[in-house]
Amino acid sequence: MLLIPCPYCEEPRPEIEFRYGGEAHIARSADPTGLSDAALADYLYFRSNPKGWHYERWQHQSGCGRFFNAVRHTVTDRIIGTYKAGEPKPDLALYRVRAGS
Amino acid sequence: MSRPTQRFRTAAGGRIARARTISFQFDGRRYTGHPGDTLASALLANGVHFVGRSFKYHRPRGIMTAGSEEPNALVTILQGRDRQTPNVRATDIELCEGLAAISQNRWPSLAFDAGALSGVLAPLFPAGFYYKTFMGPRFIGSNWLWPKLFEPLIRRAAGLGRAPASRDPDHYVNRYAHCDVLVVGAGPAGLAAALVAAEAGATVIVSDERTEFGGNLLSAFDAGHDGDLSAGVNAHRWREQSLAALAANARVTLLPHTTVFGAYLQNFYGLAERLASHHGSPPPGLPRERLWQVRAQEVVLATGAIERPLVFSGNDRPGVMLAGAVRSYLNRYGVMAGSRAVVVTDCDTSYAAACDLKRSGVDVPLIADLRSDVGGAAIDAAKQAGITVEAGVNVLGTTGRHRITSVLMELGPAGARERRAVPCDLVLMSGGWTPSVHLYSQARGKPSWSEGAQAFLPSDPVPHVHSAGGCAGTTDLEQALRSGAEAGAAAARALGLTVSAEIMTVADPDPVLGSRAGAPVMAPPSADAFIDFQNDVTTRDIQLATQEGFRSIEHIKRYTTTGMATDQGKTSNHNTIALAAGMLGRDVAVVGHTSYRAPFTPVTFGTLATTARGSLFEPLRRTPIDAWARAERATFEDVGQWQRARTFPLRSENQQQSIQRECLTVRCAAGVFDASTLGKIEVVGPDAATFLDRMYLSPLAKLAVGRCRYALQLNEAGFVIDDGIVARLAPDRFHVTTTTGGAQRVLTLMEDYLQTEFTDLTCWLTSITEHWGVIAVQGPRARDILEPLIAGLDISAATFPHMSVGTGEIAGVPMRLFRVSFTGELGFEINVPSNYARDIWELVEQSAERHGGTVYGTDAMHLLRAEKGYILVGHDTDGTVTPEDLGFGTGAKKVDFVGKRALARPDMLKSDRLHLVGLLAEDPQHVLEEGAQLTQAASPANGARADGHVTSAYMSPALGRSIALGLVAGGRARHGERLFVPMPSGPIAVRISTPLFLDAKGARLHG
């Protein structure tokens, strides 16, 4: 079971309090009617699925209820950092320096 | 029958309490042992080796090891009538008064087993038998004989113990714990690590799967005095002092009988603590086991090493044991495992066992070493003890039926080789030692091959995990202690603590000399040279797998089933890998190892489930009306976590009659229905209307206060995922209902959009599902029933038309009243605070009764809505259905909403999409089967495409005939067309119709 630091509660909490929400930074278009069919398909169905660091959404469902983003390694499951929804994608290098790896 | 005595018990020594004798049974026969014995040691003390039949071939098998790695001696423990535990290792069972065990996988008895008859089973079980034999020979084809005769035969022949048939009478508990340092294994390394870490100030948990802490120290020869102390304190005394120091330290928790069965992410460990299984008659109320879930800052893995068998023909006969196990039985339990022992070895550590046996008076005629060149202190010691040592021996086979009687070997100098059969009743074998890297590997460490140690050892450092002692490759006591102390110190320093403890010098009272690495494994393919004893895998199976083209060790493992099941390859992994490497002509390092899966030893389901069983498995949600409905003898159905009243049968009625009566009464007079399970969300805020307008297909921005609207919710892909009623109570306040099952999902989805996409909007979402009890009153007399009870709200047809919402009081209780209908009748839904709902329900029900009404359940509700063609999301829809498919127009709403763009995809506009239609069987008495396929041909050819399927089907009392809803390709343009439902009993002809079967103009609804 992972310990996930909730950026709103500002403390690590056990994974059972959270709900996974898929890849992060896939924004809904401000004007979806202007999307091409290909762009719509991309938005709906295509994900990066990396082997490595993954920016992803979580909801602290049984806690504060807030949605936030985490940077997790898909091989080791290590979470290197979390940040609030709407904040820009953080620089991975900065995280790694801070985490000392 | 006279009671067998413990003929093979030594005169003195060992850690058993000889003063007390306890009696136990094995296969119905009575034996005796002492406290401190395991079932295995007590059986061996009575001369019993043969304790089970093997998994596939039903070969006689004996006790091979003295620990949890035991692959053969699996027995079923019986405790009273209700307690039956299969597949327990006799080496792990602590002897207690009255213990009863039986052998497994034999019929009719252990000694006379039908399945073992001259190996008749062997041809059925080649490597890959799961894929070969179970499929059946090709010529048999779909012949019924195979699945009905042969497969059950195989399944019965191959197996372990039987699962208990009755309910587990015990209870289990769990505990979460946090500690600075978790020490796994309480051998010398683990104890040293715990001492150092605890002294530095860390909170420490020490666990060991055995009752007594000390690991291999307990199996060393204890002369009973301190011996030569010039080299340091005697190791046995050191063990006692260390345990006393740990026990006296309040920061230390000692967990004997506790197996760390799995390592999970971020230093999270699963531990199974056995509390009752070692009590003959456990005190009442004592949980059987406790699950510990431990989060540790630092972990010291001191899990030791497991001796591995040698691979030779007939290496599985009862009486063939691991050398270290024989030594353990002798020194720890005071048991001589035989009277004439031959040692077969390719490493030095087995010489110590031979010397100990000899000293105890066991005849040891020969140490047969497979290595051609042997020498060193261990060998010299054996020779000095008067034991003959032969090098360069080739073991050819063994003899004996239920117990070994001789070993056949080839020995002597080159050119003068001779064959000899050496009579014996015990064989000690040793192929070196395999470090237990299971937990290190589960903690995402990568063991790498060490040529010197002939083993996979921890290499990559895993953050916060420290391997120490035998599992890290140490080979003697001094190394183990130092490695343990260093691991404990490293853990303490990682916690920011200061380490002051001196590393004590300890004298090994009984040093095991020489190499424990073993030689590279070489063995010719043979049908009775066993690699994996528990799964009956031989060298020939490995050969067959490599011949058939398997290269990956993971594939070889699965194809041959070696290292699988409860054993997880504790004694077999190394030999499998080494042999496969030889056969593939590759280095062991390249072949690699298979995954070490949790659990290390089997964990009972009860321990994993702990208290989450029976009514505590999942919370049961009951509505405020539940107790009333039960008193009325309603029948119930599970809907998610809810239980809902399904029917309210009168005394003489069956289920179907009850449904028909309830429906007719609603149509003729009225019905009262408990709709409390409906999901309810209150949406409040200045932008509440805009937000809901974006979340639903239906236009809601301009919904007037006091009005309701039916609303469909789509996902971004344009498919219907939920529906409900949106009611506007005030300009900035909405009461939204969802389906019963969708309540949480819809709230989460709305929260998601509100927090992450529609951040320009201000409103708040609150789940009010359990705040309001909901009583639906439906039928032509609904208004007459309610009017006398209601104050502060005029519900006349003129002022409170269909789709109105208002607040007022019912019997003095505040209410929200909706004029909505899921039946097609004049209808109201009364929302009152849940704790008043039961009282109001009774008032409404009494009033309904005065007007000829009834209460009705979910079955009637389903039928009534189907007569009107109202959909049930998730029943008539399946996540691929669009609003257009259901007949809802989507073009009117110009502003954006979730799913709008996807509705314009070309595929969503095709005319042959599946449309919701009505289906009328030509035989009006025939009720179709939900889920049945619809085809154009009465008897469609194999592979023919269906035109659609039935989603709902009922016998309608109002119409006097059966009705159904379904999804049919292009169905809206095909009303009147004939289709068939091909069923095993013959095709059923149906006509496509409108899904609206009753009151098309809605006169009843608007009454």
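**Exercise 1. The chain as a whole**

What share of the contacts in chain B with a separation of 6 or more comes from residues 24 or more positions apart? Then describe the extent, burial and charge of the chain.

Solution.
- This is a predicted model; local features need pLDDT of at least 70, side-chain atom pairs count only at pLDDT 80 or more, and totals for chains, interfaces and linings use all residues. Residues are numbered from 1 along each chain as its sequence is written, chains are lettered from A and ligands numbered from 1 in the order written, and side-chain values use heavy atoms, without hydrogens and water.
- The share is 66%, where a contact means heavy atoms within 4.5 Å.
- The C-alpha trace of chain B spans about 115 × 70 × 60 Å along its principal axes.
- Of its 1007 residues, 57% are buried (under 20% relative accessible area, 1.4 Å probe, protein chains only).
- Chain B has 99 positive and 99 negative side chains, counting Lys and Arg against Asp and Glu, without His and the chain ends. The centres of the two sets lie 4 Å apart, with each charge placed at NZ of Lys, CZ of Arg, CG of Asp or CD of Glu.

**Exercise 2. A three-stranded sheet**

Work out the order and pairing of strands 20, 21 and 22 of chain B.

Solution.
- Chain B holds 22 helices and 50 strands. These are DSSP runs numbered from the N terminus: helices are H or I with at least four residues, strands E with at least two.
- The sheet is open, antiparallel and ordered 20-21-22. Two strands pair if DSSP finds at least two bridges between them.
- Strand 20 (394–399) and strand 22 (418–423) are the edges, each pairing on one side only.
- Five bridges link strand 20 to strand 21 (residues 406–411). Asn394(B) partners Glu410(B), and Val395(B) partners Met409(B).
- Six bridges join strand 21 to strand 22. Here Met409(B) stands opposite Arg420(B).
- Both connections are hairpins with six residues between the strands. Gly400(B) takes a positive phi near 125° in the hairpin of strands 20 and 21. Gly412(B), in the turn between strands 21 and 22, has a positive phi of about 105°.

**Exercise 3. An enclosed helix**

Why is helix 17 of chain B largely enclosed by the rest of the structure?

Solution.
- Helix 17 covers residues 688–695, and six of its eight residues are buried, so the rest of the structure largely encloses it.
- The buried residues are Ala688(B), Ala689(B), Phe691(B), Leu692(B), Asp693(B) and Met695(B).
- Their packing partners include strand 36 (720–730), strand 37 (733–738) and helix 18 (743–756) of chain B.

Note on methods: Buried means under 20% relative accessible area, exposed over 50%, partly exposed in between (1.4 Å probe, protein chains only).
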